[in-house]
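Colleague: Please take one part of this model and walk me through it closely, starting from a single residue and working outward. I'd like the cut-offs along the way.

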Amino acid sequence: MEISSLVALAAFFAACFAAASSGAVFKPGLWYENLKKPRWNPPNWAFPVVWTTLFTMMAVSGWLVWQSAGVAAWPALTVYAVHLVINGVWSWLFFGKQRLDWAMVDVIFLWAMIVAMIIAFHPYSVLASLLLTPYLLWVTIAAVLNFRLLQMNGARGVGTA
C-alpha cells in the first residue's frame, strides 16, 4: 500500500473518530441511568463495542470510495462528511442537552443520510456500500430505542409523556 493511500485511510479514521468523540464528551451519566427503558434496551457495554466497530467500517467505506475515484467522488464524500456531522450532533442533543425529542429528529436525518450514503457509494464501490449496512441496521435500532425512550420519558426525559 502506498503512503498516500495510508494517509488517506488515516484521514478517514480521524474524521470518523472526531465524530465519535462527541459520545466521549457527552456521556450517558446519571440522567440516562434514571430514564425508564424498554426491556429490550441493549446493555451499556454493547454501545462502545458496536460503535467502535461501526466507525471503523465507516472509515474503511469512505476510504474505499476515495481509492476508487478520488476527487471525482466528491458528491458521495460530501454526503459522507455531512452524515458525520449529523452523527456527532446526536450525542450532544441526547446526552448533552438531554432532549430526546431533538435527538429523535436528528436520528431520522442520520438514518436518511446513511441510506443516501449507501446509494451514493454504490457506483464507486459495492463493498463500501455493504460495509454501511450494519450501521444502517444499528441506527434503525437506535431510532426505535430513541422513540421508545421519548414515549416513556417525555421530551426532556423527566417523566412520562
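**Around Y135 and its helix**

Modeller: Happy to! Leaving aside neighbours within four places in sequence, Y135 is in contact with W51, L54, M58, H83, N87, L110, I114 and M117; contact here means heavy atoms within 4.5 Å. A word on the basis: this is a predicted model, in which local features need pLDDT of at least 70 and side-chain atom pairs count only at pLDDT 80 or more, while totals for chains, interfaces and linings use all residues. Residues are numbered from 1 along each chain as its sequence is written, and side-chain values use heavy atoms, with hydrogens and water left out.

Y135 is one of the buried residues of α7, alongside others including W138, L145, N146 and L149. Buried means under 20% relative accessible area, exposed over 50%, and partly exposed in between, with a 1.4 Å probe and protein chains only. Helices are DSSP runs of H or I with at least four residues, numbered from the N terminus. α7 covers residues 133–153, and its 21 residues reach 30 Å from the first C-alpha to the last, close to the 30 Å expected at 1.5 Å a residue; the expected span is 1.5 Å times one less than the number of residues. After the helix comes G154, with a positive phi near 85°.

What covers the buried residues of α7? The cover includes α2 (29–33), α3 (46–69), α4 (74–96) and α5 (100–121).

Let's take α4 next. Its axis lies 14 Å from that of α7, and the two pack at an angle of about 30°; axes are lines fitted to C-alpha atoms, for helices over the stretch in contact, and angles run from 0 to 180 degrees between N-to-C directions. That makes α4 roughly parallel to α7, a label for angles under 35 degrees. H83, N87, W90 and F94 of α4 meet Y135, N146 and L149 of α7. W74, also in α4, counts as exposed because its relative accessibility is 58%.

On the α5 side, the buried residues include L110, M113, I114, M117 and F121. They pack against α2, α3, α4, α6 (126–131) and α7.

Finally, the wider setting: Y135 is among the residues with the most contacts inside the largest nonpolar core, together with M58, Y80, F94 and F121, and that core has 48 residues. Each of α1 (3–25), α2, α3, α4, α5, α6 and α7 supplies at least two residues of this core. A nonpolar core is a set of buried Ala, Val, Leu, Ile, Met, Phe, Trp, Tyr and Cys residues joined through side-chain atoms within 4.5 Å.

Terms used. Parallel < 35°, antiparallel > 145°, perpendicular 65-115°, else oblique.
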